[in-house]
Amino acid sequence: MEEWIRLESRDESLAICGNRDRNLRRIRDTFGVGVTVRNGGVRLVGDPDAVKEAAGILATLISLFRNGVRISDASVDRMLEEARASGERAGPEPTVESLARTPGQGRYVEAIRNHDLVFVIGPAGTGKTYLAVKMAILSLRTGRIRRLVLCRPAVEAGEKLGFLPGDFHAKVHPYLQPLYDALHDILDYDQVKRHMERGVIEVVPLAYMRGRTLNNAFIILDEAQNTTPAQMKMFLTRMGEGSKIVVTGDITQVDLPEGVESGLIQVSRIVCGIEGIEWVELDRSDIVRHLLVKRIVEAYERSSGK
């Protein structure tokens, strides 16, 4: 297999290739591919899987450079060591049965695999966020996507947060913590830290998504029942080429101010029937947390007359 990676400038070429093409030699030795520089680009030749992995490393380096991040020899070495370790651990792609613990979760996993935009609605404990993050990490490791973006609305990012100590980042961190928890359930602390330092994984408030276009990314919007209609439209239109979006939410736990319609509820009416979009609804039979969680959800449903 042959693949060309285009470089936009001499400075970019120097940063990506390294001093005397050191980075390219390290990529060649790690993946066993042929690497040559010609006509403003890098040519990769070899086994298809090896070429795909090498191209993923180069794409990450290019993304870092274009975002103003200095590329050091040590950072390239860490990236390649992690890629090698992931390759050694990688076995056959997990089956739906190995990922999902209920039939509803099985439908959810299949929907993510087969569609670029998936909405999943269900009560707490049904694995909405966990399975989305798990599928995103698998896509990252296999080179199907080049970065993972997780975001959440901070529904109290105005008046109430003003009483919390710290700057804006300190104020919104508690709202993003569940996403970090999901990451740490799947990756160890050092892996998460390295991915975030390299910009491969981002955890951001929903407001930070405005104006962006995300290509070759797996994007997860968590707690989407707390988006406004305008926020939901803004988020969905961030999708770029080669990207996949998963939107999760529980429409029984809307924390928006009274009189403000949930963007998740509204969007179900607007995009219904569009080809390429899949909706999955989980229920209490899909709850896989502590047994009491299922009983609590059932009690609330009885109380509300459902």
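**Figure 1. Arg 289 counts as exposed, at 54% relative accessibility.** This is a predicted model. The cut-off for exposed is over 50%, so Arg 289 passes it with its 54%. Arg 289 lies in the loop between β9 (277-281) and α12 (291-303). Beyond the neighbours within four places in sequence, Arg 289 is in contact with Ala 124 and Gly 125. Gly 127 belongs in this view too. Arg 289 and Gly 127 are 162 residues apart in sequence. In space, their C-alpha atoms are 8.4 Å apart.

**Figure 2. Gln 105 is a buried residue of helix α6.** The helix covers residues 103-114. Gln 105 has 3% relative accessibility. Buried means under 20%, so Gln 105 falls in that class. What does the side chain of Gln 105 reach? The partner is the backbone oxygen of Thr 126, at 2.8 Å. Thr 126 is also among the contacts of Gln 105, once neighbours within four places in sequence are set aside. Leu 99, Ala 100, Gly 127 and Leu 131 are on that list as well. Leu 282, Asp 286 and Val 288 complete the list. Gly 127 thus links two views: Gln 105 is in contact with Gly 127, and the C-alpha atom of Arg 289 is 8.4 Å from that of Gly 127.

**Figure 3. Helices α10 and α11 cross at roughly 65 degrees.** Two packed helices are described by the angle between their axes and the distance between the axes. Here the axes come within 8 Å. Helix α10 spans residues 229-236, and helix α11 spans residues 263-270. The crossing of α10 and α11 is right-handed. Which residues of α10 meet α11? They are Pro 229, Met 232 and Leu 236. On the α11 side, the residues are Gly 263, Leu 264, Gln 266 and Val 267. Five residues of this contact are nonpolar, two are polar and none is charged.

**Figure 4. Ile 62 is buried in helix α3.** Helix α3 covers residues 48-66. The relative accessible area of Ile 62 is 7%. That value is under 20%, so Ile 62 is classed as buried. Leaving out neighbours within four places in sequence, where are the contacts of Ile 62? They are Ile 5, Arg 6, Leu 7, Glu 12 and Ile 16. Ile 16 is 46 residues from Ile 62 along the chain. The C-alpha atoms of Ile 62 and Ile 16 are separated by 6.7 Å.

**Figure 5. Asp 21 sits in the loop between α1 and α2.** Helix α1 covers 10-17, and helix α2 covers 22-31. Is Asp 21 buried or partly exposed? Asp 21 is partly exposed, with a relative accessible area of 35%. Thr 36 is 15 residues from Asp 21 along the chain. The C-alpha atoms of Asp 21 and Thr 36 are separated by 9.6 Å.

**Figure 6. Asn 216 and Glu 223 each have a positive phi.** Asn 216 is not a glycine, yet its phi is about 50 degrees. Asn 216 lies in the loop between β6 (201-205) and β7 (217-221). At 28% relative accessibility, Asn 216 counts as partly exposed. Glu 223 is not a glycine either, and its phi is about 55 degrees. Glu 223 is found in the loop between β7 and α10. At 26% relative accessibility, Glu 223 counts as partly exposed. Strand β7 borders the loop of Asn 216, and β7 also borders the loop of Glu 223.

**Figure 7. Cys 17 is buried, and Cys 151 is buried.** Cys 17 has a relative accessible area of 3%. For Cys 151 the value is 0%. How many disulfides does a search of the whole structure find? The search finds zero. A disulfide is a covalent bond between the sulfur atoms of two cysteines.

**Figure 8. The protein chain has 12 helices and nine strands.** This last legend sets the close-ups in context. The chain holds 306 residues, and buried residues make up 46% of them. Gln 105 and Ile 62 are among the buried residues shown above. Contacts between residues at least 6 apart in sequence were also sorted by separation. Of these contacts, 71% join residues at least 24 apart.

Methods: Residues numbered from 1 in each chain as written. Predicted model: local features only at pLDDT ≥ 70, side-chain atom pairs only at ≥ 80, totals over all residues. Heavy atoms only, no water. Helix = DSSP H or I, 4+ residues; strand = E, 2+ residues; numbered from the N terminus. Buried < 20%, exposed > 50% of the residue type's maximum accessible area, 1.4 Å probe, protein only. Polar contact = N/O pair within 3.5 Å; in protein donor to acceptor, adjacent residues only side chain to side chain. Contact = heavy atoms within 4.5 Å. Axes fitted to C-alpha atoms, helices over the stretch in contact; angles between N-to-C directions. Left-handed = near helix turned anticlockwise from the far one by under 90°. Nonpolar A, V, L, I, M, F, W, Y, C, P; charged D, E, K, R; others polar. Disulfide = S-S within 2.5 Å.
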